[in-house]
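Please walk through the side-chain contacts of this protein chain, from its aromatic rings to its nonpolar cores and its charged pairs. The account should suit someone who has not seen the structure before.

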Amino acid sequence: MEQHSAFDRYSRQIFINEIGIEGQQKIMAAKVLVIGAGGLGSPVLQYLAAAGIGNIGIVDFDHVEIHNLNRQVIHTEKSIHVDKVKSASAYIEELNSSIKVTGLMTKISTDNVDGIIAAYDVVVDGSDNFNTRYLVNDACSRAQKALVYGSIFAFEGQMAVFNYKGSKQLRDLFPEPPHPEDIPTCDQYGVLGPLPGIIGSMMAMQVLKIVTDLPVDFNKLTLVDTYLWRFTTIEF
C-alpha cells in the first residue's frame, strides 16, 4: 500500500485557517463514541473517520438487514446478517487505517452506560429509541461530557448539542420520554434515505467543531423538514 503523510491526507482541512495543523492534531487526538451504527451513525462514522478522528468507539447490538441499506450507507449487501459493529468497523479500517476503532456489540443499559462512555471526549447519540437516548443523556450529564444528538422520521430530523461546557441537556428540552405507544417509528412509517445523511453530516460537523474548539451552537435545537425544505432553529 502506498504510504502518505498525515499532511497529504488531511491537507484540505489543514488549509482552512480555522483548522490548520493545530486543529488537525486535535482531531487526530480526539476520542469519540458513536452510539448506533445505523442511519445516523453511518454518515457520522464515515465523516469522522475521513476527517481523522484518532479513536472511534462504536456501540450497537443489531445486525445488518436488507431493509437497512436504503439509508445505512456504511453497510453493503455483503454485510447482511453481519453485526453492524463489525461491518462499520471494517469500513472504517479500510477507509483510514490510522484510526483506532473499538466496537462493542451490546445494548446500552443503566448498568453499562457510565463505563462505556468513560473513555471518550465526545459522545454521539445516533440511537433509534428513547430509552437509549435518555440513558445516554443522563450519563453524559453525570460525567460532564458533550453529547451530540440527532433523530429522524420520514422527511423530518432534528439535531442539537447537549451538555457542552455546562450547557443545557436533553431533559431541559424534553423532560421525560414520550409513552412508547405515542412514538412513531421508521419501521411503521419509513424514512427517506438522504435524510439521515443530512442530519448525520450535521452531527459530524458539530463533533469536529467541538474537538477543534470552534464556535458551537448550544441550547438550540435545529429542526429540518426536507419535505417543505425548511430549516428552523429553536432556542431553549
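Tyr149, Phe162 and Phe236 come together as one aromatic cluster in this predicted model. In total, the structure holds 6 aromatic pairs. One of them joins phenylalanine 7 and phenylalanine 15, whose ring centres are 6.0 Å apart; their planes meet at 70°, so this pair is edge-to-face. Phenylalanine 7 is partly exposed, at 40% relative accessibility, and phenylalanine 15 is exposed, at 52%.

Within the cluster, the rings of phenylalanine 162 and phenylalanine 236 have centres 6.1 Å apart and planes at 70°, so they too are edge-to-face. Because phenylalanine 162 belongs to strand β6 (residues 156-162) and phenylalanine 236 to the segment after β8 (230-235), the pair ties together parts of the chain 74 residues apart in sequence. Phenylalanine 162 and phenylalanine 236 are both buried.

Aromatic rings also meet charged side chains here. Lysine 107 places its charged end over the ring of phenylalanine 61, at 5.3 Å from the ring centre. In another case, the charged end of arginine 133 sits over the ring of phenylalanine 130, 4.7 Å from its centre.

The next topic is the nonpolar interior. In soluble globular proteins, nonpolar side chains tend to be buried together. Here the largest nonpolar core contains 40 residues. Val32, Leu45, Leu48, Ile53, Ile56, Ile58 and Ile199 are the residues with the most contacts inside this core. Two or more residues each come from β1 (31-35), α3 (41-51), β2, α4, β4 (122-125), β5 (146-153), β6 and α9 (194-211). Helix α9 supplies the largest share of the core, 9 residues.

Which residues does leucine 45 touch, not counting those up to four places away in sequence? They are Val34, Ala37, Ile56, Ile58, Ile74, Ala88 and Ile92. Apart from the largest core lies another, of 22 residues, with Leu33, Ile117, Leu135 and Leu170 among them.

Charged side chains also pair with each other. The model has 7 salt bridges, counted with a cut-off of 4 Å between a side-chain nitrogen of Lys or Arg and a carboxyl oxygen of Asp or Glu. In one of these, lysine 84 pairs with aspartate 62, and their closest N and O atoms are 3.8 Å apart. This salt bridge links distant parts of the chain: lysine 84 is in helix α4 (residues 84-95), while aspartate 62 is in the loop between β2 (55-59) and α4, and the two are 22 residues apart. Is lysine 84 buried or exposed? Lysine 84 is buried, because its relative accessible area is 5% and buried means under 20%. Its partner aspartate 62, at 26% relative accessibility, is partly exposed.

A further salt bridge connects glutamate 176 to arginine 171, with 3.6 Å between the closest N and O atoms. Glutamate 176 is exposed, with a relative accessible area of 57%, whereas arginine 171 is partly exposed at 26%. Lysine 220 and aspartate 217 form another, at 3.7 Å from N to O. Both ends of that bridge are partly exposed: lysine 220 has a relative accessible area of 24%, and aspartate 217 has 48% relative accessibility. Finally, a network of salt bridges links Glu22, Lys26 and Asp213.

Methods
Residues numbered from 1 in each chain as written. Predicted model: local features only at pLDDT ≥ 70, side-chain atom pairs only at ≥ 80, totals over all residues. Heavy atoms only, no water. Helix = DSSP H or I, 4+ residues; strand = E, 2+ residues; numbered from the N terminus. Buried < 20%, exposed > 50% of the residue type's maximum accessible area, 1.4 Å probe, protein only. Phe/Tyr/Trp six-rings, centres within 6.5 Å; stacked < 30°, edge-to-face > 60°. Lys NZ or Arg CZ within 6 Å of the ring centre and 35° of its normal. Core = buried A, V, L, I, M, F, W, Y, C linked by side-chain atoms within 4.5 Å. Contact = heavy atoms within 4.5 Å.
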